Amino acid sequence: MPNNRLDAVVTDIVEGVRDALRKNDVTFEEFRMGMGHIMKTAQAGELGLLIDAFFNTTIVENENKTAKGSPSDLEGPYFKTDVPVVTDGKIKTDDSLGGDPMLMKGHVKDPDGNPVEGAEIYIWTSTPDGKYSGFNSDLPLDYYRGKLISGSQGEYKAESTLPVPYEIPNKGPTGALLDAMGRHTWRPAHVHYKIRKPGFREFTTQAYFEGGDYVGDDCCQGQHTNDFVIPEVIEDGKRVMDIEFVLTPAA
């Protein structure tokens with residue numbers, strides 16, 4: 001018999017599914033319907049979306065068990081590495097889309113409280129109409145996303161516009177499944193962060209707005225802690241997201 005990690009993980013997944021089938025006395029008719037839905041999801045190109053929506057957060061929980069710094073959260077499907085470095089403190093936005101002004105600032109530190117200089121901080125958000133540049137928007141990739149480099153004291157700062165809640169793709173089989181389960185397909189407004197620095201574990205998280213719609217009721221089950229649910233603070237007419245990130249040293 002095999003005795004390796006792959007065999008152990010796959011066997012446990014299979015047994016977990018079998019236990020659910022037994023517990024709920026699933027019939028042949030229901031089994032065939034489920035299989036048909038999985039095939040339809042694959043044909044629609046949504047298998048990754050379906051798996052992410054239900055299981056991504058579990059991997060986040062596993063990662064956070066060994067973290068010595070800030071807690072991670074979902075990455076989502078819209079991250080890109082080929083984005084410009086923000087040198088003037090402003091991420092490109094489209095004036096025709098409107099949107100309230102937002103200031104993202106804070107510091108990057110190590111677990112002992114020392115500043116981390118030269119960290120790459122990737123930031124990306126939805127447009128004011130709930131889309132992402134380079135994916136489901138006609139906007140070029142360098143809009144509503146950019147890369148910052150932390151300063152000598154670990155500081156970073158950039159301006160953009162407030163993101164909004166949006167629905168994940170909901171016209172296909174993934175949306176149909178969530179609807180049949182009595183669930184919604186909305187995500188709360190959030191800002192994505194990914195931080196890279198040699199000597200530290202790559203860090204990915206999302207930050208949310210206190211009191212915002214769907215905060216605590218995310219269809220993708222994000223927001224594992226309240227660490228990055230940011231209270232409303234206004235400075236010079238801008239909503240401020242002030243966050244101190246603590247990186248976990250690399251193994």
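This section describes strand pairing and the surroundings of selected residues in a predicted model.

An open sheet is formed by 5 strands, arranged in the order S3-S2-S7-S8-S9 with mixed pairing. The edges of this sheet are occupied by strand S3 (145-149) and strand S9 (229-230); each has a single partner strand, so one side of each is left without a neighbour in the sheet. Strand S2, which spans residues 120-125, runs antiparallel to S3 and is joined to it by 5 bridges. Within this pairing, Tyr 122 has Lys 147 of S3 as its bridge partner.

Strand S7, a member of the open sheet, comprises residues 190-196 and includes His 190. The relative accessible area of His 190 is 1%, and because buried residues are those under 20%, His 190 is classed as buried. Two polar groups were identified close to the side chain of this residue by distance. The side chain of His 190 forms a polar contact with the side chain of Tyr 166 at 3.4 Å. In addition, a polar atom of the His 190 side chain lies 2.6 Å from the backbone oxygen of Pro 188. When residues up to four places away in sequence are not counted, His 190 touches Thr 125, Tyr 132, Pro 163, Tyr 166, Gln 206, Ala 207, Tyr 208 and Phe 209. Tyr 166 thus appears among the residues touched by His 190 and is also its polar partner through the side chain. Thr 125, another of the residues touched, belongs to strand S2 (residues 120-125), and S2 stands beside S7 in the strand order of the sheet.

Further pairing involves strand S1 (residues 101-109). Strand S1 and strand S4 (residues 155-161) run antiparallel and are joined by 7 bridges. In this pairing, the bridge partner of Met 102 is Ser 160 in S4. Strand S1 also pairs with strand S11 (residues 238-246), here in the parallel sense and over 8 bridges. Lys 109 has Val 246 of S11 as its bridge partner.

Among the helical residues, Ile 38 is located in helix H2, which covers residues 28-43. The relative accessible area of Ile 38 is 45%; since this value falls between the limits of 20% and 50%, the residue is partly exposed. Ile 38 and Val 191 are 153 residues apart along the chain, and their C-alpha atoms are separated by 31 Å. Val 191 falls within the range of strand S7 (residues 190-196), the strand in which His 190 is placed.

How values were computed:
Residues are numbered from 1 along each chain as its sequence is written. This is a predicted model: local features need pLDDT of at least 70, side-chain atom pairs count only at pLDDT 80 or more; totals for chains, interfaces and linings use all residues. Side-chain values use heavy atoms; hydrogens and water are left out. Helices (H or I, at least four residues) and strands (E, at least two) are DSSP runs, numbered from the N terminus. Buried means under 20% relative accessible area, exposed over 50%, partly exposed in between (1.4 Å probe, protein chains only). A polar contact is a pair of N or O atoms within 3.5 Å; within protein, one must be able to donate a hydrogen and the other to accept it, and residues adjacent in sequence count only if both atoms are side-chain atoms. Contact means heavy atoms within 4.5 Å. Two strands pair if DSSP finds at least two bridges between them.
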